[in-house]
Amino acid sequence: MIQKITKATEPHIRQRYQFAASAFVRMWGHSSLHDRKIVEFCEVWAHRTENAPLDNKVVDQYFYYEFKTWRGY
């Protein structure tokens, strides 16, 4: 089971979730966070040890392809 991101969650996990979610908001707007699959992906990614690129030109593309390959979506 995936742990829900709450205020009690460790700060670095919460920051990673918000970082991933911000990429989807930049790509598809705030309504993208109403999609259960995107929220679940951000929660899973926040708990991974892999780091995303910090270059603004490729970070959104990175999350787009990670999301598309995640669980075959």
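## Surface and Overall Build

The accessible surface of the chain comes to about 5000 Å², and carbon and sulfur atoms account for 54% of that area. The structure is a predicted model. Of the 73 residues in the chain, 37% are buried.

The chain contains three helices and zero strands, and its pattern along the sequence reads α-α-α. Among contacts in the chain with a separation of 6 or more, 56% are made by residues 24 or more positions apart.

## Val39 in Helix α2

Val39 is placed in helix α2, which covers residues 36-47. The relative accessible area of Val39 is 19%. Because buried means under 20% relative accessible area, Val39 counts as buried.

When neighbours within four places in sequence are left aside, Val39 is in contact with Tyr17 and Leu33. Another residue to compare with Val39 is Ala20: the two are 19 residues apart in sequence, and their C-alpha atoms are 9.3 Å apart in space.

## A Salt Bridge Between Helices

Side chains of opposite charge can pair when their charged atoms come close. The count for this chain comes to four salt bridges. One of these pairs joins Arg26 with Asp60, whose closest N and O atoms are 2.7 Å apart. Arg26 lies in helix α1 (residues 11-28) and Asp60 lies in helix α3 (residues 56-69), so the pair ties together parts that are 34 residues apart in sequence.

The two partners can also be described by their accessibility. Arg26 is partly exposed, at 47% relative accessibility, whereas Asp60 is buried, with a relative accessible area of 18%.

## A Network Around Arg48

Salt bridges also link Arg48, Glu50 and Glu66 in a network. Within this network, the side chains of Arg48 and Glu50 meet in a salt bridge, with an N to O distance of 2.8 Å. Arg48 is partly exposed, at a relative accessible area of 26%, and Glu50 is also partly exposed, at 32% relative accessibility.

Arg48 forms a salt bridge with Glu66 as well, and the closest N and O atoms of this pair are 3.0 Å apart. Arg48 lies in the loop between α2 and α3, while Glu66 lies in helix α3, so this pair ties together parts that are 18 residues apart in sequence.

Methods: Residues are numbered from 1 along each chain as its sequence is written. This is a predicted model: local features need pLDDT of at least 70, side-chain atom pairs count only at pLDDT 80 or more; totals for chains, interfaces and linings use all residues. Side-chain values use heavy atoms; hydrogens and water are left out. Helices (H or I, at least four residues) and strands (E, at least two) are DSSP runs, numbered from the N terminus. Buried means under 20% relative accessible area, exposed over 50%, partly exposed in between (1.4 Å probe, protein chains only). Contact means heavy atoms within 4.5 Å. Accessible areas come from the Shrake-Rupley method with a 1.4 Å probe; for residues, only the protein chains shown count as cover.
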